[in-house]
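User: Please walk me through the strand pairing and the cysteines of this model.

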Amino acid sequence: MSDQCAWCESSNITKGTDNVYWELPDGTRAIKISDVPSTICHDCQMIYQSDLLIREIEDQLFLINTKEIGSETSFTNLMAQPRLLKRNYFDFTS
């Protein structure tokens, strides 16, 4: 975790969790993901997820059978879903 807010650069931040809404990779619907690890800034009131965590969520949604997920799931449950592929072979950034 960075020592500063990504938005206002304040150091008055803490770790916490938040609920987020995510569009599935196929674009058919969005789901609510609860208890997602987040950074909370107490100065500008932003609550956000790290770039690394965003990538992990997007990769997981791309690699699992999203038809088995209802309209809402927890972060822990989402990340525990069995993957259909070992990795995202369409991600050429790494």
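Analyst: Two strands count as paired if DSSP finds at least two bridges between them. The model is a predicted one.

User: How many bridges pair strand β1 with strand β2?
Analyst: β1 covers residues 13–23 and β2 covers residues 30–41. They pair in the antiparallel sense. I13 has its bridge partner in β2, at C41. The bridges between β1 and β2 number 10.

User: Which residue takes a positive phi in the hairpin of β1 and β2?
Analyst: This hairpin has 6 residues between the strands. The phi in question is near 75°. The residue is G27.

User: Do β2 and β4 run parallel or antiparallel?
Analyst: β4 spans residues 72–74. It is joined to β2 by 3 bridges. K32 stands opposite E72 in β4. The two strands run parallel.

User: Which residue in β3 stands opposite T39?
Analyst: β3 is residues 47–48, joined to β2 by 2 antiparallel bridges. The hairpin of β2 and β3 has 5 residues between the strands, with Q45 at a positive phi near 70°. Opposite T39 in β3 is Y48.

User: How many disulfides are there?
Analyst: A disulfide needs two cysteine sulfur atoms within 2.5 Å. For C8, the nearest cysteine sulfur is that of C41, 3.6 Å away. C41 is likewise in no disulfide, with the sulfur of C8 as its nearest. The count is 0.

User: Is C41 buried or exposed?
Analyst: Buried means under 20% relative accessible area. C8, at 36%, is partly exposed. C41 has 1% relative accessibility, so C41 is buried.

Definitions and conventions
Residues are numbered from 1 along each chain as its sequence is written. This is a predicted model: local features need pLDDT of at least 70, side-chain atom pairs count only at pLDDT 80 or more; totals for chains, interfaces and linings use all residues. Side-chain values use heavy atoms; hydrogens and water are left out. Buried means under 20% relative accessible area, exposed over 50%, partly exposed in between (1.4 Å probe, protein chains only). Helices (H or I, at least four residues) and strands (E, at least two) are DSSP runs, numbered from the N terminus.
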